[in-house]
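The exercises below ask you to read a protein model step by step. Look at the sequence and the structure first, and then try each task before you turn to its solution.

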Amino acid sequence: MNAEKRIRSEAKTLLSNGYWSSSLGVFFILFASVLLILFLQSFIVLGIQVVLTPLFNVLAQVEPSFSLEVEESFGNSIIMLLSGAGGYIAYAIGFLFLFPLYCGVKRYFYQISKGENAKVSEVFYYLTLKFKSCMILGLRYGILCVVKFLPCIAPAYLIVIAMLNNEFSTFVNSLLTLCAFITGIAGLAIWILWTSRQFLTIYLFIEDDSKPAGFYVKESERITNGMLNKSIRKLIYSFFGWFLLALTGVGMIYFVPYCEMSLATSAKWIINLQKEVC
C-alpha cells in the first residue's frame, strides 16, 4: 500500500472512532459563518441605502444633483461609493473572523490525527486565544495564497465577465459556460500545485505558535521540498474526483471530513518525520 492510500485509510479509521458527526458539526459552523458574513455584507449595503435614500430625496428638492432618479447623479454616486466601502468593511470583518475559525478547524482535525481527544470547541480556539498571532499569520499566508490564486482563476473569471457583458446565442453561452467550468477547475489544480509547498504552514503554527509568521511559510517550503512535495500533491489530487462529485452536493457529507482528516494525517506524518530527523 502506497503512502497516499495508507494516509486515507488511517483517516477513515480515525473518523470512524466517533468523529464523523462532530466533524460535520465543525464544518457546519464554518459554513454558517461564511453565510453570516455574506449576510452582513448585504445588511450593510441595504442599511446604507435605507438611511440615505430618504435623506437624499429631501436634499434633491433643494439641490437636484442629489436626485436618485438620475442614474449618474451625485446622490447615486455617494450611495454606490459608500455601499462599496461597506462591502469591503464586511469582507475585512469576515477575514478577521473566518481565518481564525478556519485555523480552529485545522486544529480540530490535527488533534484527532494525533490521537488526542478533540472537541468541537477547538474551532473557536484562535478566536479566544492567540488571536493576534493567528491574524498576523493570516495576513502573511493569506496574501501569498490570494496573490497566487488570482492569475490561476483569471481566465475563468474573464469568460464569465464576457458572458455577462455580451448577448450570445444559447449554444455559445453553453460553450462558454463549459469553458469557464473547465478553466476554473484547471486553475484550481494549478493553484494547488503552486501552493503545495506551503501545505504545512497552518499545521506548523498549530504545533508551535511562538514563532514569527514568516517562519511557518519558509519552514513549510523547506520541509516539503522534493519528494515530499510530490507526495502531498498526489494526496490532494487523489481527492479531485470526490471534489467534483461534492460540487453537485452529492457526497459532500463524506468528502469534506474525509479530505480534511487525510490532510491532517499527512501533516502529522511529515512533521513527526521532521522531528525524528532533527
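**Exercise 1. The surface and the whole chain**

How much area does the protein expose, and what share of it do carbon and sulfur atoms supply?

Solution. Begin with the surface: the protein exposes about 15600 Å², and carbon and sulfur atoms supply 69% of that area. Then turn to what is covered, where you will find that 40% of the 278 residues count as buried. For the dimensions, follow the C-alpha trace along its principal axes, where the protein spans about 75 × 50 × 35 Å. Finally, consider the charges: there are 21 positive and 16 negative ones, and their mean positions are 15 Å apart.

**Exercise 2. Elements and confidence**

State how many helices and strands the protein has, and find which elements have the lowest and the highest mean pLDDT.

Solution. Counting the elements gives eleven helices and zero strands. Before relying on details, remember that this is a predicted model, with a mean pLDDT of 85 and with 92% of its residues reaching 70 or more. Among the elements, helix α10, which covers residues 240-247, has the lowest mean pLDDT, 66, while helix α7, covering residues 201-207, has the highest, 93. As a last step, ask how the chain meets itself: among contacts with a separation of 6 or more, 74% are accounted for by residues 24 or more positions apart.

**Exercise 3. The nonpolar cores**

Describe the largest nonpolar core, and say which helix gives the most to it.

Solution. The largest nonpolar core has 49 residues, and those with the most contacts inside it are Phe-109, Phe-199, Leu-200, Tyr-203 and Met-261. Helix α11, residues 252-277, gives the most to this core, with ten residues. Apart from it lies another core, of seven residues, including Leu-52, Phe-56, Ala-60 and Ile-79. Now take Phe-109 and leave aside its neighbours within four places in sequence: its contacts then include Leu-15, Val-26 and Phe-27 on the one hand, and Pro-257, Met-261 and Ala-264 on the other.

**Exercise 4. Two serines of one helix**

Locate Ser-113 and Ser-83, and decide whether each is buried or exposed.

Solution. Ser-113 is found in helix α3, residues 74-113, and Ser-83 is found in helix α3 as well. Ser-113 counts as buried because its relative accessibility is 4%, and Ser-83 is buried because its relative accessible area is 11%; the cut-off for this step is under 20%. Next, look at the partners, leaving aside neighbours within four places in sequence: Ser-113 is in contact with Glu-10, Leu-14, Met-261, Ala-264, Thr-265 and Lys-268, whereas Ser-83 is in contact with Val-45, Ile-48 and Gln-49. To close, set sequence beside space: Ser-83 and Leu-46 are 37 residues apart in sequence and 8.1 Å apart from C-alpha to C-alpha, while Ser-113 and Ser-67 are 46 residues apart in sequence and 61 Å apart in space.

**Exercise 5. Residues in other places**

For Gln-41, Ala-180 and Thr-201, give the helix and the contacts; then explain why Lys-130 is described as partly exposed.

Solution. Start with Gln-41, whose place is in helix α2, residues 20-60. Gln-41 is buried because its relative accessible area is 19%, and, not counting residues up to four places away in sequence, Gln-41 touches Gly-87, Ala-90 and Tyr-91.

Ala-180 is found in helix α6, residues 170-195, and counts as buried at 12% relative accessibility. Under that sequence limit of four places, Ala-180 touches Ala-156, Ile-159 and Val-160.

Thr-201 lies in helix α7, and its relative accessibility of 0% makes it count as buried. Beyond four places in sequence, Thr-201 touches Leu-137, Tyr-141, Tyr-216, Val-217 and Ser-220.

Finally, the place of Lys-130 is in the loop between α4 (125-128) and α5 (131-165). Lys-130 is partly exposed because its relative accessible area is 41%, and partly exposed covers values between the limit for buried, under 20%, and that for exposed, over 50%. Look also at the backbone: Lys-130 has a positive phi of about 60 degrees although it is not a glycine.

How values were computed: Residues numbered from 1 in each chain as written. Predicted model: local features only at pLDDT ≥ 70, side-chain atom pairs only at ≥ 80, totals over all residues. Heavy atoms only, no water. Core = buried A, V, L, I, M, F, W, Y, C linked by side-chain atoms within 4.5 Å. Buried < 20%, exposed > 50% of the residue type's maximum accessible area, 1.4 Å probe, protein only. Helix = DSSP H or I, 4+ residues; strand = E, 2+ residues; numbered from the N terminus. Contact = heavy atoms within 4.5 Å. Areas by Shrake-Rupley, 256 points an atom, 1.4 Å probe, with all protein chains shown as cover. Lys, Arg positive; Asp, Glu negative; His and termini not counted. Charge placed at Lys NZ, Arg CZ, Asp CG, Glu CD. pLDDT = per-residue confidence, 0-100.
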